[in-house]
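Let us take a close look at one part of a chain and follow it outward. Keep the sequence and the model side by side.

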Amino acid sequence: RFITVNNGIDTAFWTPATDRTDRDRIRQGLGIPDADSVITLTAAFRPEKNHIGAIHALQLLHRVHGKKAHLLFVGDGPMRSQIEQAIQGSGLGDYVHLVGIQQDVRPYYRASDLFSLCSTSVETFSIAGLEALSCGLPAVLTRIGGAEEMVIDGSNGFLCGTSDEEIAEAWNKALNTSMPKQAIHEDIMARYDLSRMIEKYRSIL
């Protein structure tokens, strides 16, 4: 007999912004115009997280789709030097921002328009994805691990394949689709609040 207990998060902590304070502060600090779109990826700098593929997808988003979006990488890791080289070679140095490891990533989510994971393998059931969604961010996730349980196409984001072209297309689609932040938060609260996970474990035990 198998019982599935999904991960849960504190949806009272991971909430949408109530004002523009974080958005304005983060964007001004990074030199990002208020009108520009921001895509945030929170993940360790490891090969399977596909940061370099995300940079290539951003090139396509600019060139093919005409969307001058910024890409914000939260995190660090062993591939930092390769990622920095990829940024330098992309011609998008003003549009890709490395902000390092953050004790509290909520201000970055609140400064963003879209969350994304471009993983090509290993991904299981992303806590970072749940946290970003609970902050009201629509998400574009590659179809790896539990992404299909988390994202409902057109409602709180879009799923895509792992190629640069598919990621860029899904980003463009998400940035052109209205998905209200409060509705996204309430959906995650209903499905993945920490209390639901605890209650399931309690019923099993």
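Q: Is Asp 34 buried, partly exposed or exposed? Please start there and show me what surrounds that part.

A: This is a predicted model, so every value here is computed from it. Asp 34 is partly exposed, with a relative accessible area of 39%. Find Asp 34 in the loop between α1 and β1.

Start with its partner. Asp 34 forms a salt bridge with Arg 20. The closest N and O atoms are 2.7 Å apart. Side chains of opposite charge can pair when their charged atoms come close. Arg 20 sits in the segment before α1, and the two residues are 14 apart along the chain. Arg 20 is partly exposed as well, at 43% relative accessible area.

Now step into helix α1. The helix spans residues 21-30, and Arg 23 belongs to it. Arg 23 is in contact with Asp 34. Beyond its neighbours within four places in sequence, Arg 23 also touches Arg 110, Ala 111, Ser 112 and Asp 113. Arg 23 counts as buried, because its relative accessibility is 16% and the cut-off for buried is under 20%.

Asp 113 leads to the next link. Its side chain meets that of Arg 27 in a salt bridge, with 2.9 Å from N to O. Asp 113 lies in the loop between α4 and β4, while Arg 27 lies in helix α1. The pair is 86 residues apart, so look for two distant parts of the chain brought together. How exposed are the partners? Asp 113 is partly exposed, at 25% relative accessible area. Arg 27 is buried, at 2% relative accessibility.

Put the pieces together. Arg 20, Arg 23, Asp 24, Arg 27, Asp 34 and Asp 113 are linked in a network of salt bridges. The structure holds 14 salt bridges in total. Another of them joins the side chains of Arg 46 and Glu 48, at 2.7 Å from N to O. There, Arg 46 is partly exposed at 33% relative accessibility, whereas Glu 48 is buried at 15%.

Next, move to aromatic rings. A pair of aromatic rings is described by the distance of the centres and the angle of the planes. The structure has five aromatic pairs. One of them is Phe 45 with Phe 73. Their centres are 6.3 Å apart, with 70° between the planes, and the pair is edge-to-face. Phe 45 is in the loop between β1 and α2, and Phe 73 is in strand β2, so the pair ties together parts 28 residues apart in sequence. Both rings belong to buried residues.

Tyr 109 and Phe 115 make another pair. Their ring centres are 5.7 Å apart and their planes stand at 85°, so this pair is edge-to-face too. Tyr 109 and Phe 115 are both buried. They join Phe 13 and Trp 14 in one aromatic cluster.

These names come back in the core. The largest nonpolar core has 61 residues. Leu 71, Phe 73, Tyr 109, Phe 115, Leu 141 and Trp 171 touch the most other members. Take Leu 141. Apart from residues up to four places away in sequence, Leu 141 touches several others, including Phe 115, Leu 117, Met 150, Phe 158 and Cys 160.

Cys 160 raises a question: why is there no disulfide between Cys 160 and Cys 118? A disulfide is a covalent bond between the sulfur atoms of two cysteines. The sulfur of Cys 118 is 6.9 Å from that of Cys 160, so the distance is too far for a bond. The count of disulfides is zero. Both cysteines are buried: Cys 118 at 1% relative accessibility, and Cys 160 at 5%.

Finish with helix α5, residues 127-134. Seven of its eight residues are buried, so the helix is largely enclosed by the rest of the structure. The cover includes β1, α4, β4, β5, α6 and α8. Among the buried residues are Ala 128, Leu 130, Glu 131 and Leu 133. At the start of α5, a side-chain oxygen of Ser 126 comes within 3.3 Å of the backbone nitrogen of Ala 128. Just after the helix, Gly 136 has a positive phi of about 90°.

Technical notes:
Residues are numbered from 1 along each chain as its sequence is written. This is a predicted model: local features need pLDDT of at least 70, side-chain atom pairs count only at pLDDT 80 or more; totals for chains, interfaces and linings use all residues. Side-chain values use heavy atoms; hydrogens and water are left out. A disulfide is a pair of cysteine sulfur atoms within 2.5 Å. Buried means under 20% relative accessible area, exposed over 50%, partly exposed in between (1.4 Å probe, protein chains only). Helices (H or I, at least four residues) and strands (E, at least two) are DSSP runs, numbered from the N terminus. Contact means heavy atoms within 4.5 Å. A nonpolar core is a set of buried Ala, Val, Leu, Ile, Met, Phe, Trp, Tyr and Cys residues joined through side-chain atoms within 4.5 Å. A polar contact is a pair of N or O atoms within 3.5 Å; within protein, one must be able to donate a hydrogen and the other to accept it, and residues adjacent in sequence count only if both atoms are side-chain atoms. A salt bridge is a side-chain nitrogen of Lys or Arg within 4 Å of a carboxyl oxygen of Asp or Glu. Rings of Phe, Tyr and Trp (its six-membered ring) pair if their centres lie within 6.5 Å; planes under 30 degrees apart count as stacked, over 60 as edge-to-face and the rest as tilted.
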